[in-house]
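Let's take a friendly walk through this protein together. Have the sequence and the 3D view ready.

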Amino acid sequence: MSEQSIVLQGVGVGRGAVWGPVATVRPAPEVPADEPVPADRAAAKEKVLDAFTLVAKGLRAQAQGASATVADVLKATAQMADDPALREQTGQRIDKGEPPMHALTAVVASFAEMFTAAGGYLAERVTDLNSVRDRVVARYQELPEPGVPPLPWPSIIVAPDLSPADTAALDLDKVLGIVIEQGGPTGHTAIIAGQLGLPCVVRATGASQLGDGDIVALDAAHGTVTLDPDDETRAAVETRRAGLAALAEATADGATADGHHIALLANIGTAEDAERLTDAAVEGVGLFRTEVLFLGATTAPTVEDQATVYTRALAALGGRKVVLRTLDAGADKPLAFVTQAGEENPALGVRGFRLVRHAEGLLRTQLEAIARAAKESGGTPWVMAPMIATVEEARQFSAMAREAGIETVGVMVEVPAAALRAKDILAEVDFVSLGTNDLAQYTMATDRLLGSLVDLLDAWQPALLDLVAATAAAGVETGKPVGVCGESAADPVMALLLTGLGVTSLSMSPSAVPAVRFALSQHSLETCRAIGEVARKAPTAAEARAAALTLVDPHVREVLALD
Ligand code: PEP
Ligand code: MG
């Protein structure tokens, strides 16, 4: 790398690398508090109405070059910008002497209130409504529209963070990778990037200084973003891309070099994700985050609504293993229809399975929908509950799921209490799955969304490894499956360690599977066990990973850029 290159350091998601031009995501413009009443009201009104038209036109033009799903999102927003009532009421307020952007904001707020009260589909359109407001405000101020800009060519998206709406509008044919300045590796932008198979660097300090058209090289394996990469850096990126693309051709089931089987599974959040897996070389789904389906919903989904989506997902996977997780609402995944407002510490509050305490019907409805989907699709889903802390909770969930007709029932181990008593918990259920994202959060008393404490959330933290090892040992002793479905399963070195500890399946973003499959295939079970032993003796996270790496095959280290 040349001496002049500026390198931003962040935390990488995945092992991919890419280089290309930057496209920055623009923030929403502000409406000045002291916005004056225009001298010429008629001209101001015309300018606002023109801004509406330009916004709708721009969105439709963007939709034309976009893939089908993205085009639908953009066209729906364009339709909102065309809404006559929205325009008319804004115009009337300007006529009466309100400053134009205040008039627009007030009208949008009253529509949003109405939509929210109506619930259902309309409530879900509030995001579009706000997006139209921000775009019109920007146009009126003659600023570029906020959000992800139209991408004339493949680009690397750079943003402070991405909202779920921004992410839905990403045109995957044109997005090479994602760099965000905030967030953390187990935050939702990172998870979605992994889901989409996009190389991503989160917590890239200084990323906001990057400008449209800057050429950068993004290296997720090292968590770096290099501005103006020289030929050598670009060549290294190309080599990595080619190497990973070659690994992606492999389709064998997950196994160590000596044939010890480890199921490699995918984490998904929607039925579309399941449909995208049709040709993927995965043995099934190890975590279906069902709450993702209802993040925008304002009313509880019915049995029918849910059964339809689950049937679709199960049918897409045609008999492959699918582990559905019941709603994990609360904390970082609030669901408007059930999450209690006003908790001081939502991550420690009524979330996950604990919702059963005040909304038992919600869980029963979901279990009924899953059982119905199982019948309709002919699949036999495994079902697990999130955030289990005690044996009683595991017992209660197991009883409820079996009553609903679910055959294979498990729970997640993501609270230290459950890991420490994994054997007792396993006595109640058929399997457990380690959610290392939350297990790290609760072991290290560190908010998983707080990027600034990311070192404490490192999956190699010795205390976390101890809890994972205790859970795996309980599985070995009882002969019941213990999977890992947190982000740590996607780290190829960690995957070797987990295999050595006795974990039976690894579930991750589908894009992470090829590297993990390759790493496993190059090491014997004995080496995996030795990796577990040396890593667990280390007193710090950095030393644990370094110790593990000494036993990793040099060729694997090179191809996957593990050093
Ligand atoms: C986890 O906590 O590790 C997990 C897999 O669940 P989620 O990330 O959805 O909380
Ligand atoms: Mg979790």
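## A buried glutamate

Glutamate 283 has no salt bridge although it is buried, and arginine 517, the nearest side chain of opposite charge, is 6.4 Å away. Here buried means under 20% relative accessible area, exposed over 50% and partly exposed in between, with a 1.4 Å probe and protein chains only. A salt bridge is a side-chain nitrogen of Lys or Arg within 4 Å of a carboxyl oxygen of Asp or Glu. For charge, Lys and Arg count as positive and Asp and Glu as negative, while His and the chain ends are not counted.

This is a predicted model, in which local features need pLDDT of at least 70 and side-chain atom pairs count only at pLDDT 80 or more, while totals for chains, interfaces and linings use all residues. Residues are numbered from 1 along each chain as its sequence is written, chains are lettered from A and ligands numbered from 1 in the order in which they are written, and side-chain values use heavy atoms, without hydrogens and water.

You will find glutamate 283 in the loop between α10 (271-276) and β10 (284-289). Helices (H or I, at least four residues) and strands (E, at least two) are DSSP runs, numbered from the N terminus.

## The magnesium site

Which residues coordinate the magnesium ion (ligand 2)? Glu414 (OE) and Asp438 (OD) do, at 2.0 to 2.2 Å. Donors are N, O and S atoms within 2.8 Å of the metal (3.2 Å for Na, K and Ca); water is not among the atoms, so sites may look incomplete.

| Residue | Relative accessibility |
|---|---|
| Glutamate 414 | 2%, buried |
| Aspartate 438 | 2%, buried |
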